[in-house]
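Biologist: I would like a close look at a single part of this model. Please take one spot, describe its surroundings, and then place it in the whole chain.

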Amino acid sequence: MELFFLILTGVFIIAAFWVALLKIIAHLSGWNTLKHTYETTYTHNEINYFGISGKIGKFYYNSILNVSLSEAGLFLSVGPMFRFGHPYLLIPWSNIKNIHEKGNTLFCEVDGIQIGLSNKIHNIFKSYLSAYS
């Protein structure tokens with residue numbers, strides 16, 4: 001019985017550490033700031049990319065970003081294991097500024113927070129931006 005409680009305590013400590021770490025990353029990256037304006041429950045989008053690498057603020061989200069594009073805007077989310085502290089975001093095209101490419105990354109700025117997305121979506125991103133902004 002003691003072993004069971006020891007294992008249960010260990011699982012609880014690891015889970016608490018994971019949740020705290022995700023919350024800190026969301027705060028330091030700027031995701032937490034973006035959620036105040038762009039948090040959404042909207043999940044239906046026209047074009048979806050899963051497992052995209054990107055950068056939000058100063059933090060890299062390697063192969064865990066989900067990016068969707070629609071006339072409503074740029075939809076960002078993370079995989080289920082990383083969701084705590086990272087609610088769904090829907091950023092209207094008109095709020096995306098300072099678009100530029102650097103290496104294999106397309107950068108833009110939203111409310112002073114830099115967002116970088118891998119080159120997998122450069123062309124489609126630009127076409128949606130020009131059509132809907």
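Modeller: Start with one side chain. The side chain of H86 reaches the backbone oxygen of F84 at 3.2 Å. This is a predicted model, so read the distances as belonging to a prediction. A second polar contact runs from the side chain of H86 to the backbone oxygen of F82, at 3.2 Å.

Where does H86 sit, in sequence terms? H86 belongs to the loop between strand 3 and strand 4. Is H86 buried or exposed? H86 has a relative accessible area of 2%, and the cut-off for buried is under 20%, so H86 is buried.

Next, the contacts of H86. Neighbours within four places in sequence are set aside here. What remains is L22, I25, A26, W31, Y61 and V78. Three of these names come back below: A26, W31 and V78. A residue apart from H86 in space is A72. H86 and A72 are 14 residues apart in sequence, and their C-alpha atoms are 20 Å apart.

Now the strands on either side of the loop. Strand 3 covers residues 73–78, and six of its six residues are buried. Strand 3 is therefore largely enclosed by the rest of the structure. Strand 4 covers residues 89–91. Strand 3 and strand 4 pair in the antiparallel sense, over three bridges. In that pairing, L76 stands opposite L89 of strand 4. L74 has I91 of strand 4 as its bridge partner.

Strand 3 also pairs with strand 2, which covers residues 59–70. That pairing is antiparallel too, and it has six bridges. L65 stands opposite V78 of strand 3. V78 is also one of the contacts of H86. Strand 2 and strand 3 make a hairpin, with two residues between them.

Step back to the sheet. It is open, has seven strands and pairs in antiparallel fashion. The order of the strands is 4-3-2-1-7-6-5. Strand 4 and strand 5 stand at the edges, and each has a single partner strand, so one side of each lacks a neighbour in the sheet. On average, neighbouring strands of this sheet are turned by 35° against each other, direction ignored. Side chains in a regular strand alternate between the two faces of the sheet.

Go to the end of the sheet that holds strand 5. Strand 5 (residues 97–102) pairs with strand 6 (residues 105–110) in the antiparallel sense, over four bridges. H100 stands opposite F107 of strand 6. The two strands form a hairpin with two residues between them. G103 lies in that turn and has a positive phi of about 65°.

Strand 6 then pairs with strand 7, residues 113–118. The sense is antiparallel and there are six bridges. T105 has S118 of strand 7 as its bridge partner. Here too there is a hairpin with two residues between the strands. D111 in the turn has a positive phi of about 50°.

Now the helices. Helix 1 (residues 2–29) and helix 2 (residues 31–38) have axes that come within 4 Å. The axes cross at roughly 75°. That makes helix 1 roughly perpendicular to helix 2. From helix 1, the residues K23, A26, H27 and S29 meet W31, N32 and K35 of helix 2. By class, this contact has two nonpolar, three polar and two charged residues. A26 and W31 are also among the contacts of H86.

Both helices lie across strands. Helix 1 lies across strand 1 (47–56), strand 2 and strand 7. Helix 1 runs at about 70° to strand 2. Helix 2 lies across strand 1, strand 2, strand 3, strand 4, strand 6 and strand 7. Helix 2 runs at about 70° to strand 4.

Last, the whole chain. The chain has three helices and seven strands. Along the sequence the pattern is α-α-β-β-β-β-β-β-β-α. The C-alpha trace spans about 65 × 30 × 25 Å along its principal axes. Of the 133 residues, 39% count as buried. H86 is one of the buried residues. Take the contacts with a separation of 6 or more: residues 24 or more positions apart account for 51% of them.

How values were computed:
Residues are numbered from 1 along each chain as its sequence is written. This is a predicted model: local features need pLDDT of at least 70, side-chain atom pairs count only at pLDDT 80 or more; totals for chains, interfaces and linings use all residues. Side-chain values use heavy atoms; hydrogens and water are left out. Buried means under 20% relative accessible area, exposed over 50%, partly exposed in between (1.4 Å probe, protein chains only). Two strands pair if DSSP finds at least two bridges between them. Axes are lines fitted to C-alpha atoms, for helices over the stretch in contact, and angles run from 0 to 180 degrees between N-to-C directions. Angles under 35 degrees count as roughly parallel, over 145 as roughly antiparallel, 65 to 115 as roughly perpendicular and the rest as oblique. Contact means heavy atoms within 4.5 Å. Ala, Val, Leu, Ile, Met, Phe, Trp, Tyr, Cys and Pro count as nonpolar, Asp, Glu, Lys and Arg as charged, and the others, Gly among them, as polar. A polar contact is a pair of N or O atoms within 3.5 Å; within protein, one must be able to donate a hydrogen and the other to accept it, and residues adjacent in sequence count only if both atoms are side-chain atoms.
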